[in-house]
Amino acid sequence: MDFIKIKDFVKTNNLPAYRLNQIRQGIFVDGFAAWRDIKTLPKNLQEALNKNFKILSFDLVKLQSSKLDKVYKALLKLYDGPKIETVLMKPGKFWSVCVSSQAGCPLGCAFCATGKLGFKRNLTAEEISDQVLFWHQFLQKEFKGERVSNIVFMGMGEPLLNYVEVKKAVEILSNKDYLNIGKRHISISTSGIADKFENLAKELPQVNLALSLHNADNKERSTLMPINRKYNLDIIKQELENYLKLNAREVFLEYTVIDGENNSPAHIRKLGKWINSFKDNYLLHVNLIACNPATSKAKTPPIAAVYAFAEALEKMNIKATVRKSLGSDISAACGQLAAKN
Ligand code: SAH
Ligand code: SF4
């Protein structure tokens, strides 16, 4: 929903200002999914709003819930046809939403189901922020009063290839009058579109940055992630050092452990060396995640191997955490979003 348009509507129709607050309360607090449910508004205004504005910029096609974890996945159809997916999860005490920033993804990483789909189009800021509004509505229906606390740009697509709309979406989502989700609770994950790191440091310094690394060898990384041919590890390092200089804030290095592909002792040593070559290496934190089955190239390692990887990094004085994957039974885990019916 584009709230600016609603504001204009209230103004051009000379409605009293408190109507705007009633709308805000109905949509962003109570989480109503239909204008007629906002009972504080007179009937004729409900009808006028209904005629002019859709609350969400897509239709729900399918909602799935995991039997293993507190995870929900929604398949959504945009009004011009493409489908996207978004995930709601509760890994601990707080609800997190994983949003898509593009329909599909042009980057074709070998281990990712979204990459296999190809690219349809960029999402608008409204389509991105509406994914969170959708889950807010869901929570008010199923878990009244609970709220979305965190947002991760780890759904479909490469957020930094859609930087302008992603930035707008962050501003909308963190706006006090909207869903009011603090920027420190928002994370952007990128495959390494390094020429946008400086923009992030200057324009969204409170937003968390996660870099999907997966391999510290240029040749091997290019095979896994073709985008490495454009933004290789040297360019990434240069831009990341600049980022850390401008914004001394912890950056997460995502490392999907693919069995037999990037988890040998030599791979671990090379990763450790790369990290420790940074001036601000203490600001880099590795998140290890066992590769989820998504494509034929995605081989899941035994979990013990992932813990051994973390231990080996710690011996090199590198902070490392093993991240648990949620929602694999409904293909809602990292790399599994393919918007299949
Ligand atoms: N395009 C962005 C954000 C979306 S992907 C990026 O690549 O960072 C979100 C995360 O899921 C990334 O860290 C990505 O590398 C990871 N991922 C992709 N496929 C995966 C798989 N099969 N198993 C585990 N993680 C995967
Ligand atoms: Fe795109 Fe990220 Fe998947 Fe790579 S891992 S194909 S960048 S969504």
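This report describes the surroundings of two ligands and the aromatic pairs in a predicted model.

## Ligand 1: position and shell

Ligand 1 sits in the largest cavity, and 19 residues surround this ligand, of which Phe111, Ser189, Ser212, His214 and Asn292 come nearest. Sorted by class, the shell around ligand 1 comprises seven nonpolar, ten polar and two charged residues.

Two strands can be named as contributors to this shell, since strand 8, which spans residues 186-190, and strand 10, which spans residues 251-257, each supply at least two of the residues around ligand 1.

## Ligand 1: polar contacts and cover

Oxygen atoms of ligand 1 take part in contacts with both side chains and backbone, as the following distances show. In the side chain of histidine 214, an N or O atom is 2.5 Å from an oxygen atom of the ligand, while a polar side-chain atom of serine 189 lies 2.7 Å from an oxygen atom of ligand 1. With threonine 190 the contact involves the backbone, where an N or O atom lies 3.5 Å from an oxygen atom of the ligand. On its own, ligand 1 has 530 Å² of accessible area, and the protein covers 95% of that area.

## Ligand 2

Ligand 2 also has its place in the largest cavity. The residues around ligand 2 are Cys105, Leu107, Gly108, Cys109, Cys112, Gly115, Gly157 and Ser191, and by class this shell divides into four nonpolar and four polar residues, with no charged residue.

## Aromatic pairs

The structure holds 13 aromatic pairs, among them a stacked pair formed by phenylalanine 28 and tyrosine 178, with 5.3 Å from centre to centre and 10 degrees between the planes. Phenylalanine 28 belongs to helix 2 (residues 18-29), whereas tyrosine 178 lies in the loop between helix 6 (163-174) and strand 8, so the pair ties together parts that are 150 residues apart in sequence. Strand 8, at one end of that loop, is also one of the strands that supply residues to the shell around ligand 1.

Key
Residues are numbered from 1 along each chain as its sequence is written. Chains are lettered from A and ligands numbered from 1 in the order in which they are written. This is a predicted model: local features need pLDDT of at least 70, side-chain atom pairs count only at pLDDT 80 or more; totals for chains, interfaces and linings use all residues. Side-chain values use heavy atoms; hydrogens and water are left out. A residue is near a molecule or strand if one of its heavy atoms lies within 4 Å of it. On a 1 Å grid over the protein atoms alone, a cavity is a set of points where a 1.4 Å probe fits but cannot get out, and a pocket is an open set with protein on both sides within 12 Å along at least five of seven lines; lining residues have an atom within 4 Å of a point. A molecule sits in a cavity or pocket if more than half of its atoms lie within 2 Å of its grid points. Ala, Val, Leu, Ile, Met, Phe, Trp, Tyr, Cys and Pro count as nonpolar, Asp, Glu, Lys and Arg as charged, and the others, Gly among them, as polar. A polar contact is a pair of N or O atoms within 3.5 Å; within protein, one must be able to donate a hydrogen and the other to accept it, and residues adjacent in sequence count only if both atoms are side-chain atoms. Accessible areas come from the Shrake-Rupley method with a 1.4 Å probe; for residues, only the protein chains shown count as cover. Helices (H or I, at least four residues) and strands (E, at least two) are DSSP runs, numbered from the N terminus. Rings of Phe, Tyr and Trp (its six-membered ring) pair if their centres lie within 6.5 Å; planes under 30 degrees apart count as stacked, over 60 as edge-to-face and the rest as tilted.
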